[in-house]
Amino acid sequence: AALAEDSAQADHLLKKAKVQWDRNRLWTAALVEHGVLEEAECLFAEAEVYVKAENRQALAAACARLAQIMDTIAQSHQTSWQNVL
């Protein structure tokens with residue numbers, strides 16, 4: 001949405017992701033390294049600044065990094081032989 005220059009949609013999606021993050025953060029904190037959690041929190045804060053500044057490229061980069069972090073967290077909690085080792 002940010003790269004498509006749809007700032008309103010990007011802002012809506014960011015807020016929706018933040019609500020989901022806040023809802024799930026407590027149980028995630030028990031399972032994930034705190035540095036990862038802090039990085040995600042910082043990226044959410046950065047993304048909000050980029051929305052207000054209408055800096056679409058920086059917003060897209062922050063969102064891409066957030067998506068990468070969320071994917072890494074999700075993969076680390078799936079049952080797999082790599083996670084068992």
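The following exercises, each with a worked solution, concern a predicted model of a protein.

**Exercise 1. Overall architecture and confidence**

State how many helices and strands the protein has, in what pattern they follow one another, and which helix has the lowest mean pLDDT.

*Solution.*
Step 1. The protein contains four helices and zero strands.
Step 2. Read along the sequence, these elements give the pattern α-α-α-α.
Step 3. The average pLDDT of the protein is 85, and 84% of the residues score at least 70.
Step 4. Among the elements, helix α4 (residues 81-84) has the lowest mean pLDDT, 56, whereas helix α2 (residues 34-53) has the highest, 91.

**Exercise 2. Burial and the nonpolar core**

Determine what share of the residues is buried, and which members of the largest nonpolar core touch the most other members.

*Solution.*
Step 1. The protein has 85 residues, of which 25% are buried.
Step 2. The largest nonpolar core holds 16 residues, and Leu14, Trp21 and Leu59 touch the most other members.
Step 3. Helices α1 (7-29), α2 and α3 (56-76) each supply at least two residues of this core.
Step 4. Leucine 59 serves as an example: beyond its neighbours within four places in sequence, it is in contact with Ala2, Ala10, Leu14, Ala47, Tyr50 and Val51.
Step 5. A general tendency may be recalled here: in soluble globular proteins, nonpolar side chains tend to be buried together.
Step 6. Among contacts in the protein with a separation of 6 or more, 53% join residues 24 or more positions apart.

**Exercise 3. The length and the two faces of helix α2**

Compare the expected span of α2 with the distance between its end C-alpha atoms, and explain why its buried residues lie on the same side.

*Solution.*
Step 1. Helix α2 has 20 residues, so at 1.5 Å a residue it should span 28 Å.
Step 2. Its end C-alpha atoms are 29 Å apart, which agrees with the expected value.
Step 3. The buried residues of α2 include Leu37, Ala40, Leu43, Phe44, Ala47 and Val51.
Step 4. These residues cover an arc of only 120° around the axis, and therefore they lie on the same side of α2.
Step 5. The underlying rule is that an α-helix has 3.6 residues a turn, so residues three or four places apart point the same way.
Step 6. On the face of α2 turned away from the buried side are the exposed residues Glu38, Val49, Lys52 and Ala53.

**Exercise 4. The length of helix α3**

Repeat the span calculation for α3, and list which of its residues are buried.

*Solution.*
Step 1. With 21 residues at 1.5 Å a residue, α3 should span 30 Å.
Step 2. The end C-alpha atoms of α3 are 30 Å apart, which agrees.
Step 3. Its buried residues are Ala58, Leu59, Ala60, Ala62, Leu66, Ile69 and Ile73.

**Exercise 5. Lysine 18 and its partners**

Decide whether lysine 18 is buried or exposed, and identify what its side chain contacts.

*Solution.*
Step 1. Lysine 18 lies in helix α1.
Step 2. Its relative accessible area is 18%; because buried means under 20%, lysine 18 is buried.
Step 3. Leaving aside neighbours within four places in sequence, lysine 18 is in contact with Glu41, Phe44 and Glu48.
Step 4. With glutamate 41, the side chain of lysine 18 makes a polar contact, side chain to side chain, at 3.4 Å.
Step 5. Although lysine 18 and glutamate 41 are 23 residues apart in sequence, their C-alpha atoms are 9.1 Å apart in space.

**Exercise 6. Two glutamates with positive phi**

Establish where glutamate 5 and glutamate 54 are placed, and whether they are buried or exposed.

*Solution.*
Step 1. Glutamate 5 belongs to the segment before α1, and its phi is near 60°.
Step 2. Exposed means over 50%; glutamate 5 has a relative accessibility of 57% and therefore counts as exposed.
Step 3. Glutamate 54 is found in the loop between α2 and α3, and its phi is near 55°.
Step 4. By the cut-off of 50%, glutamate 54 also counts as exposed, because its relative accessibility is 55%.

Terms used
Residues numbered from 1 in each chain as written. Predicted model: local features only at pLDDT ≥ 70, side-chain atom pairs only at ≥ 80, totals over all residues. Heavy atoms only, no water. pLDDT = per-residue confidence, 0-100. Core = buried A, V, L, I, M, F, W, Y, C linked by side-chain atoms within 4.5 Å. Buried < 20%, exposed > 50% of the residue type's maximum accessible area, 1.4 Å probe, protein only. Contact = heavy atoms within 4.5 Å. Polar contact = N/O pair within 3.5 Å; in protein donor to acceptor, adjacent residues only side chain to side chain. Expected span 1.5 Å × (residues − 1). Arc of directions from axis to C-beta.
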